[in-house]
Amino acid sequence: MIEVEQLAKSYGFAQALKGVSFTVQKGEVVGFLGPNGAGKSTTMKILTGYLLPTSGRASVAGHDVVADSVAARRCIGYLPETTPLYGEMRVDEYLRFCAEIRGIPADRQPGAIGRAVERCALQRVLGKNIIELSKGYKQRVGLAQAIVHEPPVLVLDEPTSGLDPNQIVEVRSLIEQLGKERTVILSTHYLQEVEKSCTRVIIVDRGRIVADGTQAQVTAAHGGSALRLRVRGPAEAVREQLQQMLPPSAPLTAEGGGDGVTTWRLGLPAASAAFPAVVAEQICRHGWQLLELAVERASLEDIFRQLTGRKAQEAVHA
Ligand SMILES: Nc1ncnc2c1ncn2[C@@H]1O[C@H](COP(=O)(O)OP(=O)(O)O)[C@@H](O)[C@H]1O
Ligand SMILES: [Mg+2]
């Protein structure tokens, strides 16, 4: 549904995108993550035809976003970072205006607007001026505007930023509904949002993609995971046994708990799903007591910080 190839964008001397490539299949809900200034909005503006790339290409539903911009835009609903709402307009007037500029024929406008209003639960506020609405309702009007022409692709730039926790839950569940029959790419700073609602994660940093895959793939590739075990037994002998089973470079830490009990944490070899069972077997074979055994996966937040975090000094010059 979305194809992006070596997309680059410079604003004057500043290179905001340095060769970004990814594809999104039909039905995917992709979380686009990255620190401020990473290039998320720039990518989305190019996809939606609001900016021209400096080089590279992108297409939506097979339509090139530059050469075939009108056809590409017809397939996209876009919620920009700052929603282009006209405060003095009433909600119903605004949606009619959006349907009009989307080229929906007059006889089909009431039906199209009615569906968008229903999906976004705007019935109660149709007669209000947009300026009077809460931020949560404004965001729902923005989403209604994005779906009024029934596009197969939604591009949502930080749809939940600035909302209170209740509004976040409402807008998030609305996006989940909309994502059931559409391809969605959404940028966000809320990592739980991605963990809950997205089928895939793309992490960008300083104009480049630094991770791309399902959450499990990204975790495996960048975070790894660890095996934690509590063992009652002679610590030195246990260490020797654990070291024998691990590659030489794998991390292994021990924390004494008294009463002959030690908590061990070891890097889990990526390839071996059976590794925890093998470890358990060896511990038991020596007659030591295995009190606890757990696989700990790196969270998306750990990985995000690892891939995009940088020291304060470096950040100043980035
Ligand atoms: N209109 C602009 N003019 C100059 N620089 C810009 C402009 N828009 C964005 N940038 C710069 O491009 C980089 C990427 O910005 P942006 O795509 O908005 O990042 P994000 O949405 O990930 O926070 C930033 O360094 C930002 O300062
Ligand atoms: Mg942005």
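The legends below describe close-up views of the two ligand sites in a predicted model.

**View 1. The residues that surround ligand 1.** In this predicted model, the shell around ligand 1 is made up of Tyr-11, Ala-16, Pro-35, Asn-36, Gly-37, Ala-38, Gly-39, Lys-40, Ser-41 and Thr-42. Sorted by class, four of these residues are nonpolar, five are polar and one is charged. Helix H1, which runs over residues 40-47, supplies the largest share of this shell, with three residues.

**View 2. Polar contacts to the oxygen atoms of ligand 1.** A polar backbone atom of Gly-37 lies 2.7 Å from an oxygen atom of the ligand, while Lys-40 places a polar side-chain atom 2.8 Å from an oxygen atom of ligand 1. Ser-41 likewise has a polar side-chain atom at 2.8 Å from an oxygen atom of ligand 1. Of the 560 Å² of accessible area that ligand 1 has on its own, the protein covers 59%.

**View 3. The protein donors of the magnesium ion.** The magnesium ion, which is ligand 2, has as its protein donors the OG atom of Ser-41 and an OE atom of Glu-81, at distances of 2.1 to 2.5 Å. Because Ser-41 belongs to helix H1 and Glu-81 to the loop between strand S6 (76-79) and helix H3 (91-101), the pair ties together parts that are 40 residues apart in sequence.

**View 4. How accessible the two magnesium donors are.** Ser-41 has a relative accessibility of 13% and therefore counts as buried, since buried means under 20%. Glu-81, at 42% relative accessibility, counts as partly exposed, because this class lies between the buried limit and the exposed one, which is over 50%.

How values were computed: Residues numbered from 1 in each chain as written. Chains lettered and ligands numbered in written order. Predicted model: local features only at pLDDT ≥ 70, side-chain atom pairs only at ≥ 80, totals over all residues. Heavy atoms only, no water. Near = heavy atom within 4 Å. Polar contact = N/O pair within 3.5 Å; in protein donor to acceptor, adjacent residues only side chain to side chain. Areas by Shrake-Rupley, 256 points an atom, 1.4 Å probe, with all protein chains shown as cover. Helix = DSSP H or I, 4+ residues; strand = E, 2+ residues; numbered from the N terminus. Nonpolar A, V, L, I, M, F, W, Y, C, P; charged D, E, K, R; others polar. Donors = N, O, S within 2.8 Å, 3.2 Å for Na, K, Ca; no water. Buried < 20%, exposed > 50% of the residue type's maximum accessible area, 1.4 Å probe, protein only.
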